Amino acid sequence: MLFTKEITKISYQDVVEFCSQRVSESINLDYKKDFPGDLEKTISAFANIMGGLIIIGVEDEDSKPKLPVEGIEYQKGLRERVNNIILNNIYPPVFPEIQVCEPVNNKTFVIIRIPESHMTPHYIRHRTQIYIRTDDVTRPEKLAPKEQIEWLMDKRKKSEEFREFLISESENYFKGACRLSGANINDPQYFGIISLRAIPLFPKDAFCDYVDLDNIENEIGVGRRDRFPLFINRCSPIQNGIHNLTFLDLKDGEEPAGHSFQYLQVNTFGLYLYKEEIGQFRKIEGKGKNQKSINYYSIVRLVHYFLASVSKFYQKLGFWGVLLFQLELSKTFGLIMPHPLKNRVHLWPDQEYLHIPKDEFKWERKISASKLKEDVISFSVDILRDVAWSLGARFVNEDRIQEIIEKNFKA
């Protein structure tokens, strides 16, 4: 089905078979014989209401595909043409999935799958007009009246509030799991805690039934030598999702306090949360007793594996829209971190160990799930470069980070 199949796997023949069913144009489906002069109007109208699918290369007859369908002439740059129309004419931009089918007899179809947006309203024509999609086939797009514009603005606000609610609830579940286990994460014996979070930028409805998340740990696992997430098949149900808190190297009857922990949570609204204590005691030359420290390579491993796992998670849910990624480090003040390039490049003695002067850090990025799937490494490198600089590590550039990932942590 063109509405749900992974966009990059939609073929020329898939479109031919879909059109053979003569599905009528509707509030979420539109056929175009070729690139129209006002494609931005249809894209923005879809985004403002329920999302939808545009198939370029299909002539309609009474709102149904005129058979046989052949497509449009294949040429380079069709995907870029769609993106340029969006970027030059729609504000704020829409981020649809785009597929240019492998040509047959030099003919192709261009599929544009637009998600329902919560960045509404989307304007066109120099930010002067807002269109909405209707189910009237003779007038599929119309200018939004004042009350509709107010509703579109409110839709975005409510979605943002819901996102913050989901994030807050996930933290409450983590704190509750810690209390039930008898571990006080606020105790000084815990330090160097990393939190990784991904969530749709504008969440609204559940993507699946909560029972569909049962054993999902198997489907989102990544890593070759060292599996992530580690605790497979041990998650427990929570409202709208599952979670697990594991204390490492914990023996039967032993209290969890003081043991490093790992925490995983996913829910049906697309939230994925992972936490781990990466702090450790390290013997530093000339310092005598062991020092509290963190290791940059541990951060690299977890960030890259998490993002690769997140990509699998959203593929499972069928979500290809824009997501918010957040990385947090806490309880880090005064920790020592070996310079990531220690023993690799010449450093002055006072550069070999970095002293972290801040207790909390936070980084975040926005990216479409479809782009994340295409190149997890590049996205990992982008955020990890910022992390290295923020923690005081000079000389750690994109090439070095990519080399670290490809040599040690390829998912």
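Let me begin at a single residue: just after helix H4, Gly182 takes a positive phi of about 85°. I should say at once that what we are looking at is a predicted model, and that each value I quote is computed from it.

Staying with the helix that precedes this glycine, H4 covers residues 146–181, and for its 36 residues a rise of 1.5 Å a residue gives an expected span of 52 Å, which agrees with the 53 Å found between its end C-alpha atoms. A number of its residues are buried, among them Leu152, Leu166, Ile167, Phe174 and Cys178, but the buried set also takes in charged side chains, including Lys155, Arg163 and Glu171.

Cys178 brings me to the cysteines. How many disulfides does a search of the whole structure find? The search finds zero. For Cys178, which counts as buried because its relative accessibility is 4%, the closest cysteine sulfur is that of Cys235, and at 15 Å the two are too far apart for a bond. Cys235 in turn has its closest cysteine sulfur in Cys208, at 14 Å, which is again too far for a bond.

Let me step back to the chain as a whole. It has nine helices and 22 strands, and its C-alpha atoms fill a box of roughly 80 × 50 × 40 Å along the principal axes. Of the 411 residues, 51% are buried, and if we take the contacts with a separation of 6 or more, 72% of them are between residues 24 or more positions apart.

One piece of sheet can be described strand by strand. Strands S9, S10 and S11 form an open, antiparallel sheet in that order, with S9 (123–124) and S11 (141–143) as the edge strands, each of which pairs on one side only. Between S10, residues 129–133, and S11 there are three bridges in the antiparallel sense, and Ile132 stands opposite Lys142 of S11.

Now to the aromatic side chains, where the search of the whole structure finds 20 pairs. One of them joins Phe228 and Tyr305, with 6.4 Å centre to centre and 35° between the planes, and this pair is classed as tilted. Phe228 is in the loop between helix H5 (216–219) and strand S13 (236–238), whereas Tyr305 is in helix H6 (residues 296–317), so the pair ties together parts that are 77 residues apart in sequence. Both of these residues, Phe228 and Tyr305, are buried.

A second pair, Phe325 with Phe379, is edge-to-face, at 6.0 Å centre to centre and 70° between the planes. This pair also links distant parts of the chain, given that Phe325 is in strand S19 (residues 322–330) and Phe379 is in helix H8 (residues 376–390), 54 residues apart. Phe325 and Phe379 are both buried, and they belong to a cluster, linked by ring pairs, that also contains Phe207, Tyr272, Phe306, Phe313, Tyr314 and Phe319.

Phe228 deserves a second mention, in connection with the backbone: a cis peptide bond joins Phe228 to Pro229, with omega about -10°, and Pro229 lies in the loop between H5 and S13. Another cis peptide bond joins Tyr91 and Pro92, where omega is about -15°; here the proline lies in the loop between helix H3 (78–89) and strand S6 (97–100).

Two residues other than glycine show a positive phi that I would like to point out. Ser63, with phi near 70°, is placed in the loop between strand S3 (60–61) and strand S4 (64–65), and at 11% relative accessibility Ser63 counts as buried. Lys331, with a positive phi of about 55°, lies in the loop between S19 and S20.

Thr332 is found in that loop as well, between S19 and strand S20 (336–338). Is Thr332 buried or exposed? At 1% relative accessibility, Thr332 counts as buried. If we leave aside neighbours within four places in sequence, the contacts of Thr332 are with Gly192, Ile356, Lys358, Asp359, Glu360 and Phe361.

Two of those contact residues also meet in a charge-over-ring arrangement, in which the charged end of Lys358 sits over the ring of Phe361, 5.1 Å from its centre. Elsewhere, Arg81 lies over the face of Phe35, at 4.0 Å from the ring centre, and with that arginine I will stop.

Terms used:
Residues are numbered from 1 along each chain as its sequence is written. Side-chain values use heavy atoms; hydrogens and water are left out. Rings of Phe, Tyr and Trp (its six-membered ring) pair if their centres lie within 6.5 Å; planes under 30 degrees apart count as stacked, over 60 as edge-to-face and the rest as tilted. Helices (H or I, at least four residues) and strands (E, at least two) are DSSP runs, numbered from the N terminus. Buried means under 20% relative accessible area, exposed over 50%, partly exposed in between (1.4 Å probe, protein chains only). A charge sits over a ring if NZ of Lys or CZ of Arg is within 6 Å of the ring centre and within 35 degrees of the ring normal. A disulfide is a pair of cysteine sulfur atoms within 2.5 Å. The expected span of a helix is 1.5 Å times one less than its number of residues. Two strands pair if DSSP finds at least two bridges between them. Contact means heavy atoms within 4.5 Å.
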